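Consider how the charged side chains and the cysteines are arranged in the structure shown here.

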Amino acid sequence: MGRLEVLKTYKVYIGGKFPRTESGRYYTPTNAKGEQLGNICLSSRKDVRNSVVAARKAFGGWSERAANNRGQILYRIAEMLEGRKAQFIEEIIFQGATKKDAEKEVSIAIDRLIYYAGWCDKYTQVLSSVNPVASAHFNFSVHEPMGVIGVVADKHTSLIGLVSLMAPVIAGGNTCVVIASEGLPLCSVTFAEVLNSSDVPGGVVNILTGKVGEMMPPLASHMDVNGIVYSGDDKKEIKDLEESTALNMKRISVYSADWMNSDEQDIYKIADCQEVKTTWHPIENIGGASSSY
Amino acid sequence: MAKKKNTQAAVEWDYSPSPESTSHIELKSKYDLYIDGKFVKPSSGKYFASYNPATEEKLADVAYANEKDVDKAVKAARKAYTNVWSKMEASERAKYIFRIARIMQERSRELAVVETLDAGKTIRESRDVDVPLACNHFFYYAGWADKLDYAFPNRKVEPLGVAGQIIPWNFPLLMAAWKIAPALAAGNTVVIKPAETTPLTALILAEIIHEAGLPPGVVNIITGYGDTGAAIVNHDDVDKIAFTGSTAVGKIIQKAIAGTGKKATLELGGKSANIIMDDAPIDQAVEGIINGIFFNQGHVCCAGSRLFVQEAVVDIVVKKLKRRMDTLILGDPLDKNTDIGAINSKEQLAVINKYIKIGIDEGAEMYQGKCVIPEKGYYCPPTIFTDVAQSSTIVQEEIFGPVLTIQTFRTVDEVIQKANNTPYGLAAGVWTDKGSRIFNLTTKLRAGVIWANTYNKFDPTSPFGGYKESGFGREGGLHGLSAYVKLK
């Protein structure tokens with residue numbers, strides 16, 4: 001008799017904890033061969049709302065962390081992911097990819113986290129400005145995180161789409177609620193375990209599995225969500241998303257990208273979830289205009 | 001009632017009238033639409049009147065554009081974009097925009113007087129703020145046209161195409177400049193609609209653009225009401241919508257363009273906090289309060305309409321504020337002594353009076369500056385309310401008039417929470433002598449523009465725009481360019 005394998009229970013990730021969905025529901029996606037991927041949490045509206053509350057609670061602490069520290073934590077995520085590479089590759093293959101593609105996907109995901117880790121304490125230098133106003137004022141513009149961001153991850157990948165959207169959001173000091181790929185949810189849950197062991201404070205990233213059609217509307221219309229980043233090209237979904245976000249004027253970024261392309265990463269994705277704040281202060285003019293001291 | 005004695009001072013402030021001459025202004029009796037480089041009649045044949053809100057006299061008739069006219073303008077803009085403007089050397093594009101700035105400067109006196117006639121704002125403001133800023137805005141963005149690669153490192157910059165722009169009545173010419181200048185610099189063409197109560201300076205701008213020899217169709221200026229604006233928003237061949245106005249209309253626009261792929265920048269309402277700490281230089285702060293709420297009759301989206309005063313200094317601040325209010329001169333906007341001009345329209349005066357009534361009905365205590373209201377025209381005296389709460393209607397809703405609410409606070413933490421407790425996030429003011437406190441407050445206030453020890457300052461190089469329901473996107477500065485480009 002061989003040893004009986006211990007199967008994993010896939011749960012969601014809210015506020016740094018791994019509850020099952022409050023609805024008690026599940027769904028069972030299958031791979032191309034018809035094999036069941038597992039009993040996956042079918043999250044509800046209430047899970048969305050709980051996640052937003054957790055994300056808002058975490059926002060103050062995360063946004064005020066030193067940029068350098070945020071960078072170290074993103075780097076730590078990459079380290080943890082590297083250590084669990086084999087598990088992710090196995091999951092991606094099980095969900096239908098070739099071994100080569102799976103290996104590539106995990107490698108790019110790790111490298112992308114390192115890429116954004118490095119941006120944490122640099123993007124403000126590139127994006128900010130001191131503005132030469134005509135009056136006697138010191139005037140400067142800096143970037144600040146928007147707040148709580150809804151992340152609707154790429155449907156066609158299990159890991160790389162999620163990482164590609166989440167990393168610039170949190171690198172910029174935002175917290176987020178992620179809706180994972182409906183059909184390929186395994187890596188999102190395992191990635192939550194990576195986050196949980198990477199010094200990422202609870203609530204900074206919350207990950208929900210289930211039906212996008214069920215979770216996106218309450219997320220898009222939630223009054224305490226500041227922005228949404230969406231990956232995909234479903235016209236109907238984008239229209240619905242943009243319509244419901246008008247309620248509180250959320251900022252929407254829609255990306256139609258091949259995240260497996262190693263170039264699909266840049267500072268502008270960080271900027272998409274930033275507000276520009278401009279500050280003025282008078283300058284006291286002491287001394288003659290032509291004095292050369 | 002002893003307080004009344006202070007107001008005696010108001011009587012002594014008698015200035016001789018000093019009206020700006022209008023002799024050099026020749027308004028036409030009728031203005032047509034500026035489409036494809038020509039002044040054309042509206043297809044409906046309809047015109048509407050623009051009035052001087054200070055005298056209620058008619059200034060001119062202005063064409064009322066309908067869907068057909070909008071379509072014509074968009075087609076002209078598309079043609080100009082495809083055939084001319086997007087193909088032109090960027091440095092040549094720059095020179096056209098520089099030229100507009102220069103001709104505006106040459107005609108600045110005319111622009112200032114017409115702005116005051118049409119909008120009711122004081123000539124001092126039109127002359128010293130609106131018009132020079134508008135000219136400088138064109139001058140500033142002109143220079144960006146051939147330097148866009150420096151603004152967006154590591155990317156190829158492309159224009160969006162045709163920009164549909166809808167602007168408000170509070171800074172008519174300045175808003176036209178804010179919209180048109182960056183759009184052109186980035187290589188877009190424009191269809192712009194000024195507000196129905198203040199179309200005249202935009203139409204003079206059309207003459208200036210014509211005089212500058214801009215290729216036909218690059219800028220199209222059409223006048224009309226909300227339905228004209230809606231036709232621009234809903235036109236299939238418009239790539240970008242830029243709107244400044246109310247949050248309510250902003251939300252309608254965001255909904256209307258959902259799923260169309262049109263890019264948008266929305267500059268919307270505000271209810272900005274102006275915060276006076278107990279160590280603030282009180283006299284300067286009082287000037288800042290006055291400027292914050294009474295500048296342009298309070299028709300300012302970033303007006304400092306919610307005043308927060310730290311408890312220790314509230315008595316002295318309110319006393320000095322009332323005294324200062326009594327010295328404000330309200331009346332003929334063309335008079336160079338006038339501090340407070342006319343309310344922009346009869347409709348807006350009704351809105352303001354409605355809110356004043358709500359304030360009284362909800363139990364707040366009102367004080368109004370002692371000034372004589374002219375018999376003709378639309379005027380509202382400077383007004384403040386004390387004894388208000390966070391829940392008061394006049395504290396929560398944008399009034400867009402010379403009405404200030406005054407609240408108190410004890411700690412910095414308290415005022416941050418109160419100031420941020422609003423769906424808006426356009427601007428804020430902070431008055432304190434302590435540097436660390438300024439940085440603490442300016443960092444924690446959720447607003448796009450923060451004035452520390454100053455208020456209501458604007459500059460072409462300085463990005464302007466809000467957080468939350470005050471809209472999105474920035475206008476001005478390098479950051480204002482991103483609203484009009486796509487990055488490859």
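The paragraphs below take up the salt bridges and then the cysteines.

This is a predicted model, in which local features need pLDDT of at least 70 and side-chain atom pairs count only at pLDDT 80 or more, while totals for chains, interfaces and linings use all residues. Residues are numbered from 1 along each chain as its sequence is written, chains are lettered from A and ligands numbered from 1 in the order in which they are written, and side-chain values use heavy atoms, with hydrogens and water left out.

Side chains of opposite charge can pair when their charged atoms come close. With a salt bridge taken as a side-chain nitrogen of Lys or Arg within 4 Å of a carboxyl oxygen of Asp or Glu, a search of the whole structure yields 50 of them over all chains. In chain A, Asp240(A) and Lys236(A) are joined in this way, with a distance of 2.6 Å from N to O. Both residues belong to helix α9 (residues 235–244) of chain A, where they stand four residues apart, about one turn of the helix; helices (H or I, at least four residues) and strands (E, at least two) are DSSP runs, numbered from the N terminus. Asp240(A) is partly exposed at 33% relative accessibility, and Lys236(A) is exposed at 57%, where buried means under 20% relative accessible area, exposed over 50%, and partly exposed in between (1.4 Å probe, protein chains only).

In chain B, a salt bridge links Asp130(B) to Lys121(B), whose closest N and O atoms are 2.5 Å apart. Here Asp130(B) is buried at 0% relative accessibility, and Lys121(B) is buried as well, at 1%.

A further salt bridge in chain B pairs Glu158(B) with Lys488(B), the closest N and O atoms being 3.6 Å apart. Because Glu158(B) lies in strand β6 (residues 157–159) and Lys488(B) in the segment after β20 (485–487), this pair ties together parts of chain B that are 330 residues apart in sequence. Glu158(B) is partly exposed, at 22%, whereas Lys488(B) is exposed, at 55%. Elsewhere, salt bridges with shared partners join Lys28(B), Arg107(B), Glu110(B), Glu207(B) and Glu211(B) into one network.

The cysteines remain to be considered. A disulfide is a covalent bond between the sulfur atoms of two cysteines. Counting as a disulfide any pair of cysteine sulfur atoms within 2.5 Å, the search of the whole structure finds zero over all chains. For Cys41(A), which is buried at 6%, the closest cysteine sulfur is that of Cys187(A), 16 Å away and therefore too far for a bond. Cys302(B) is also buried, at 1%, and its sulfur is 4.8 Å from the closest cysteine sulfur, in Cys301(B), which is again too far for a bond.
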